Amino acid sequence: MVDRENILEVPLRPLVWMGDSRKNIREFPSEVRASVGYALQLVQVGETPTDAKLFKGVGSGVYEIVKRYDTDTYRAVYAVKIGKKVYVLHAFQKKSKQGIKTPQTDINLIKQRYKDALAREEQP
């Protein structure tokens, strides 16, 4: 039996999926998808996942979750300092052969979606 008096309910911040980020995460391998989903759920309750790191050069409060699976690397980039929502800006499988650097096309897309999220938040 569960003692409901001792259960703390924490409100979840809404997730806003920008562009094709949700579709892309759904295409990740199931283990990666579950891990990214859990990390985003932590973000929704105000926690910072242990594997999240700042994504520099875009804006304040932009983080990325990096998951390695087999020989591939998967990333989800999100913003937390835009209103009371969590904006998932981009999710992708890194295909660059240039080390750990994020490809410029992905950086440009993240920057544009960040601007779009800021504009969306300003709308009444």
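**View 1. Strands β4 and β5 run antiparallel, side by side.** In this predicted model, β4 (residues 72–82) pairs with β5 in the antiparallel sense, with 8 bridges between them. Look for Ala76 in β4: Ala91 of β5 stands opposite. The two strands make a hairpin with 2 residues in between, and Gly83 in the turn has a positive phi of about 60°.

**View 2. Strand β5 also has β1 as a partner.** Here the pairing is parallel, and β1 (residues 15–17) shares 3 bridges with β5. Trp17 sits opposite Val88 of β5. Of the 10 residues in β5 (residues 85–94), 8 are buried, so the strand is largely enclosed by the rest of the structure.

**View 3. Tyr78 belongs to the largest nonpolar core.** This core has 16 residues, and Tyr78 is among those touching the most other members, along with Ile25, Phe28, Val36 and Leu40. Elements giving two or more residues to this core are α2 (30–44), β4 and β5, with α2 supplying the largest share, 5 residues. Leaving out residues up to four places away in sequence, Tyr78 has contacts that include Leu40, Val43, Pro49, Tyr63, Val86 and Leu89. Apart from this core lies another, of 15 residues, including Val16, Tyr87, Ile107 and Tyr114.

**View 4. Asp106 is buried without a salt bridge.** You'll find Asp106 in helix α3 (residues 104–122). The nearest side chain of opposite charge is that of Arg75, 7.8 Å away. What Asp106 does have is a polar contact of 2.8 Å, side chain to side chain, with His90. Neighbours within four places in sequence aside, Asp106 is in contact with His90 and Phe92.

**View 5. Arg75 and Glu64 form a buried salt bridge.** Their closest N and O atoms are 3.5 Å apart. Since Arg75 is in β4 and Glu64 in β3 (residues 62–69), the pair ties together parts 11 residues apart in sequence. Arg75 counts as buried at 5% relative accessibility, and Glu64 counts as buried at 5% too. Lys53 comes in as well: salt bridges with shared partners join Lys53, Glu64 and Arg75 into one network.

**View 6. Glu121 and Lys85 link a helix to a strand.** Their side chains meet in a salt bridge of 3.8 Å, N to O. Glu121 lies in α3 and Lys85 in β5, so this pair ties together parts 36 residues apart in sequence. Glu121 is partly exposed, at 25% relative accessible area, and Lys85 is partly exposed at 30%.

How values were computed: Residues are numbered from 1 along each chain as its sequence is written. This is a predicted model: local features need pLDDT of at least 70, side-chain atom pairs count only at pLDDT 80 or more; totals for chains, interfaces and linings use all residues. Side-chain values use heavy atoms; hydrogens and water are left out. Buried means under 20% relative accessible area, exposed over 50%, partly exposed in between (1.4 Å probe, protein chains only). Helices (H or I, at least four residues) and strands (E, at least two) are DSSP runs, numbered from the N terminus. Two strands pair if DSSP finds at least two bridges between them. A nonpolar core is a set of buried Ala, Val, Leu, Ile, Met, Phe, Trp, Tyr and Cys residues joined through side-chain atoms within 4.5 Å. Contact means heavy atoms within 4.5 Å. Lys and Arg count as positive and Asp and Glu as negative; His and the chain ends are not counted. A salt bridge is a side-chain nitrogen of Lys or Arg within 4 Å of a carboxyl oxygen of Asp or Glu. A polar contact is a pair of N or O atoms within 3.5 Å; within protein, one must be able to donate a hydrogen and the other to accept it, and residues adjacent in sequence count only if both atoms are side-chain atoms.
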